[in-house]
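Dear colleague,

I am passing on the structure we spoke about, with the sequence alongside it. Please open the two together, and then read the notes underneath with the model on your screen.

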Amino acid sequence: MKLLEDKILKDGKVLAGDILKVDGFLNHRLDTALITELGKDVAKQFAKCGASLILTVESSGISIAFAAGQAMGLPVLVAKKHKSQNISDGVYTASVFSFTHKTENTVLVSKEYLSAADKVLIVDDFLASGNAAMGLLSLVEQAGAEAVGFVAAIEKMHQGGRALIEEKGIKVYSLACIKEMRAGEIIFN
Ligand code: 5GP
């Protein structure tokens, strides 16, 4: 998506450790007009997928998932990283290694909000090595629900996450696909 690629070129910064900093528009300060357009693009791509629910993980995926949910008229389920008192005992959990923080996190959703009847479109901000995607897919599988697609706003193709998801027969769609990046240079696919 050209709009997002242009924004990444203008305001994104490549940091050490293969990290793209996009916190000026995607995950700290939010460019609401841009994110609304991302949501509309996701809705166009997945218009016929029959999804009943969008699943994301806190916190960086929430804004894009919300925009997609709004454009598709679907609810958004946010996997939590900490169990709060509001969530009852019945939860699905998965362990996810965080690429950015280098720590293992447990993600969880309440069984109340994810059921075998659901067709789930998973939405996140980044697809890198695929750990977050695998954790979210595990939650869907535990519920006996069906994953109808995986969406990342930004994919770093060289980190291999796409293959793990496609191996499961799930469609992957990224709004901006980065083939290579280094300080001062970002090359899209
Ligand atoms: P993965 O699990 O696919 O390796 O990484 C995906 C998760 O790590 C995303 O949820 C995202 O929050 C974070 N992440 C991965 N790569 C980057 C990056 O280059 N920049 C930022 N800001 N977050 C990233």
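Where does Ser-59 lie? Ser-59 is in the loop between β3 (53-57) and α3, and the peptide bond that leads into it from Glu-58 is cis, with omega near 0°. Please keep in mind throughout that this is a predicted model.

The nonpolar interior

The largest nonpolar core is made up of 34 residues, and those with the most contacts inside it are Leu-4, Ile-8, Leu-20, Leu-26, Leu-121 and Ile-154. At least two residues of this core come from each of α1 (2-11), α2 (32-45), α3 (62-72), β7 (119-127), β8 (146-156), β9 (172-182) and β10 (185-188), with β9 giving the most, namely five residues. If you would like one residue from which to look around this core, Leu-4 can serve, since leaving aside residues up to four places away in sequence, Leu-4 touches Phe-25, Leu-34, Leu-38, Ala-153, Ile-154, Leu-175 and Ala-176. There is also a second, separate core, which has 27 residues, among them Val-57, Leu-139, Val-140 and Ala-145.

The pair α1 and α2

Two packed helices are described by the angle between their axes and the distance between the axes. For α1 and α2, the axes come within 10 Å and cross at roughly 145°, and the crossing in which α1 passes α2 is left-handed. On the side of α1 the contact is made by Leu-3, Leu-4 and Lys-7, while α2 brings Leu-34, Glu-37 and Leu-38 to it. By character, the residues of this contact divide into four nonpolar and two charged, with no polar residue.

Asp-18 and its surroundings

Asp-18 is found in the loop between β1 (13-15) and β2 (19-21), and its phi is near 65°, a positive value in a residue other than glycine. Is Asp-18 buried or exposed, or does it fall in between? Its relative accessibility is 25%, so Asp-18 counts as partly exposed. When residues up to four places away in sequence are not counted, Asp-18 touches Phe-99, Lys-156, His-158, Gln-159 and Met-181. With one of these, His-158, the side chain of Asp-18 makes a polar contact of 3.0 Å. With regard to Met-181, which is 163 residues apart from Asp-18 along the chain, the C-alpha atoms of the two are separated by 7.8 Å.

Lys-102 and Val-96

Another positive phi in a residue other than glycine belongs to Lys-102, where the value is near 60°. Lys-102 is found in the loop between β5 (91-97) and β6 (104-110), and a polar atom of its side chain lies 2.7 Å from the backbone oxygen of Phe-99. The C-alpha atoms of Lys-102 and Ala-16 are separated by 14 Å, the two residues being 86 residues apart along the chain.

Val-96 lies in strand β5, and because its relative accessibility is 10%, under the 20% limit, Val-96 counts as buried. Apart from residues up to four places away in sequence, Val-96 touches Thr-103, Glu-104, Asn-105, Val-107, Asn-131, Ala-132 and Gly-135. Val-96 and Lys-80 are 16 residues apart in sequence, and their C-alpha atoms are 12 Å apart in space.

Ser-174 in β9

The last residue to look at is Ser-174, which is found in strand β9. Why does Ser-174 count as buried? Its relative accessibility is 8%, and buried means under 20%, so Ser-174 counts as buried. Its side chain is joined to that of Glu-155 by a polar contact of 2.6 Å. With neighbours within four places in sequence left aside, Ser-174 is in contact with Ala-152, Ala-153, Glu-155 and Arg-162.

With best wishes

Note on methods
Residues are numbered from 1 along each chain as its sequence is written. This is a predicted model: local features need pLDDT of at least 70, side-chain atom pairs count only at pLDDT 80 or more; totals for chains, interfaces and linings use all residues. Side-chain values use heavy atoms; hydrogens and water are left out. A nonpolar core is a set of buried Ala, Val, Leu, Ile, Met, Phe, Trp, Tyr and Cys residues joined through side-chain atoms within 4.5 Å. Buried means under 20% relative accessible area, exposed over 50%, partly exposed in between (1.4 Å probe, protein chains only). Helices (H or I, at least four residues) and strands (E, at least two) are DSSP runs, numbered from the N terminus. Contact means heavy atoms within 4.5 Å. Axes are lines fitted to C-alpha atoms, for helices over the stretch in contact, and angles run from 0 to 180 degrees between N-to-C directions. A crossing is left-handed if the near helix is turned anticlockwise from the far one by less than a right angle, and right-handed if clockwise. Ala, Val, Leu, Ile, Met, Phe, Trp, Tyr, Cys and Pro count as nonpolar, Asp, Glu, Lys and Arg as charged, and the others, Gly among them, as polar. A polar contact is a pair of N or O atoms within 3.5 Å; within protein, one must be able to donate a hydrogen and the other to accept it, and residues adjacent in sequence count only if both atoms are side-chain atoms.
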